[in-house]
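Please find below my comments on the structure you sent round. They are set out as numbered points, so that each can be taken up separately.

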Amino acid sequence: MNVFVIGATGFVGGTLARHLTAREHLVTGLARTDVAAVALAADGITPVVADLDSRRSATIDAALEADVVVYAAQADPMLETATVESLTRAMAGTGKTLIFLSGSGVLLQRTAGAWSQDSFAEHDPFAVEPLATSRKAAEGAVLAAASDRLRAMVIRPGLIWGPGDHGHVPMTYQSVAATGAACYVGPGLNTYSHVHIDDVTHLFTLAMEAGRAGGLYHAVAGEVPNRWIAERVANDLGCGTRSVTPQEAVLVWGEFGALVMAVSSRLRAVRAQQELGWCPERTDMLSTIGEARLRKLADHST
């Protein structure tokens, strides 16, 4: 296949692009700078020097040259909305495939560290997180564009972990550098469903091969409350744990990080398993505890 990855320099898009290249697919990737283009080329990915703003037309042209387009960028909401509109309009009737990477942040619940019993399969109704309304609208636009001449799909993973991730485990190590203790918010029972980057990549390849037009697929392999993460990190470093208030959490992780560490976001991957036969292989996010890269984050002198 000829695959164009928008977001090929990012965590998910980059991993997917390298995975597909290694399997001898023809992969092009969006590069906003010459430096990014050189990095993509070094990985065997053909760079397209363009962006989602002033050079969006070049991005759309590259999309029309591909068999499959993957949108995996983390862009400004306005640019994302405009790009999705341009992609779906340009690709309509072409018979090509468009896969949009979303995330479970669209359905997160602000629990201030408390447990939530709510867990959502792909088509369960939910109250959209206000900060993610534009992302949810982009999902809707992609799914609405699906037809027999545009195989448009959405993949919605939970918290993605793996080499180089910046998720809850690294953030807990960072809290040790900031406070001397492994921190969690409130009671620390809030839970964010998680999935390994390799299993996300596998779901993308399955969707490319057999996903249906209008398909919405969750990616989740497990979940663990934040307090349990803090307890394992504390055990690794020989320090204590600490509950912080939402206000204190801002001082530890910043405003957005404090939000992420205080919410619940729980998924079930029903359609991904039933329609595509997806089954995650990496289910233990806590297996990363003790990695050298993580311990380094706990050093307040670095």
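The points below concern a predicted model, and they cover aromatic pairs, helices, loops and backbone angles.

1. Aromatic pairs, count and first case. The model has two aromatic pairs. In one of them, Tyr71 and Phe100 have ring centres 5.2 Å apart and planes at 15°, so this pair is stacked. An angle under 30 degrees is what the term stacked requires. The partners come from distant parts of the chain: Tyr71 belongs to strand β4 (residues 68–71) and Phe100 to strand β5 (residues 96–101), with the two positions 29 residues apart in numbering.

2. Burial of the stacked pair. Tyr71 has a relative accessibility of 1% and therefore counts as buried. Phe100 is buried too, its relative accessible area being 1%.

3. The other aromatic pair. Phe120 and Phe126 are arranged edge-to-face, with 5.9 Å from centre to centre and 65° between the planes. Both Phe120 and Phe126 are buried.

4. Packing of α4 on α5. How do helix α4 (residues 77–91) and helix α5 (residues 133–144) pack? The angle is about 5° and the axes are 10 Å apart. Because the cut-off for this class is 35 degrees, α4 is roughly parallel to α5.

5. Residues in that contact. From α4, the residues involved are Pro77, Glu80, Thr81, Val84 and Thr88, and they meet Ser134, Arg135, Ala138, Ala141 and Val142 of α5. Sorted by class, the contact of α4 with α5 consists of five nonpolar, three polar and two charged residues.

6. Length of α1. Helix α1 (residues 11–22) has twelve residues, and at 1.5 Å a residue these should span 16 Å. The C-alpha atoms at its ends are 17 Å apart, which agrees with that expectation.

7. Surroundings of α1. The buried residues of α1 are Val12, Gly13, Gly14, Thr15, Leu16, Ala17, Leu20 and Thr21. Their packing partners are the strands β1 (2–6), β2 (26–31), β4, β5 and β8 (159–161), together with helix α7 (197–210). Strands β4 and β5 are also the elements that carry Tyr71 and Phe100 of the stacked pair.

8. Glu24. Most residues other than glycine have a negative phi. Glu24 is not a glycine, yet its phi is positive, at about 70°. The residue comes just after α1, in the loop that leads from α1 to β2. With 73% relative accessibility, Glu24 counts as exposed.

9. Ala112. Here too phi is positive in a residue other than glycine, with a value near 55°. Ala112 sits in the loop between β6 (109–110) and α5. Is this residue buried, partly exposed or exposed? Ala112 is partly exposed, at a relative accessible area of 40%.

10. Thr179. This residue is part of helix α6 (residues 168–179). Thr179 has a relative accessible area of 28% and is partly exposed. Leu251 is 72 residues away along the chain, and the C-alpha atoms of Thr179 and Leu251 are separated by 9.7 Å. Apart from its neighbours within four places in sequence, Thr179 is in contact with Arg242 and Val252.

11. Arg268. The loop between β13 (263–264) and α10 holds Arg268, which counts as partly exposed at 35% relative accessibility. Which residues does Arg268 contact, leaving aside its neighbours within four places in sequence? They are Ser119, Phe120, Ala121, Glu122, Asp124, His218 and Val220. Among them, Phe120 is a member of the edge-to-face pair with Phe126. Ser193 is 75 residues from Arg268 in sequence and 8.6 Å from it in space, C-alpha to C-alpha.

12. Gly290. This glycine lies in the loop between α10 (270–276) and α11 (292–297). At 23% relative accessibility, Gly290 counts as partly exposed. Outside the neighbours within four places in sequence, its contacts are Tyr173, Asp236 and Arg295. Gly290 and Leu237 are 53 residues apart in sequence, and their C-alpha atoms are 8.2 Å apart in space.

Terms used. Residues numbered from 1 in each chain as written. Predicted model: local features only at pLDDT ≥ 70, side-chain atom pairs only at ≥ 80, totals over all residues. Heavy atoms only, no water. Phe/Tyr/Trp six-rings, centres within 6.5 Å; stacked < 30°, edge-to-face > 60°. Helix = DSSP H or I, 4+ residues; strand = E, 2+ residues; numbered from the N terminus. Buried < 20%, exposed > 50% of the residue type's maximum accessible area, 1.4 Å probe, protein only. Axes fitted to C-alpha atoms, helices over the stretch in contact; angles between N-to-C directions. Parallel < 35°, antiparallel > 145°, perpendicular 65-115°, else oblique. Contact = heavy atoms within 4.5 Å. Nonpolar A, V, L, I, M, F, W, Y, C, P; charged D, E, K, R; others polar. Expected span 1.5 Å × (residues − 1).
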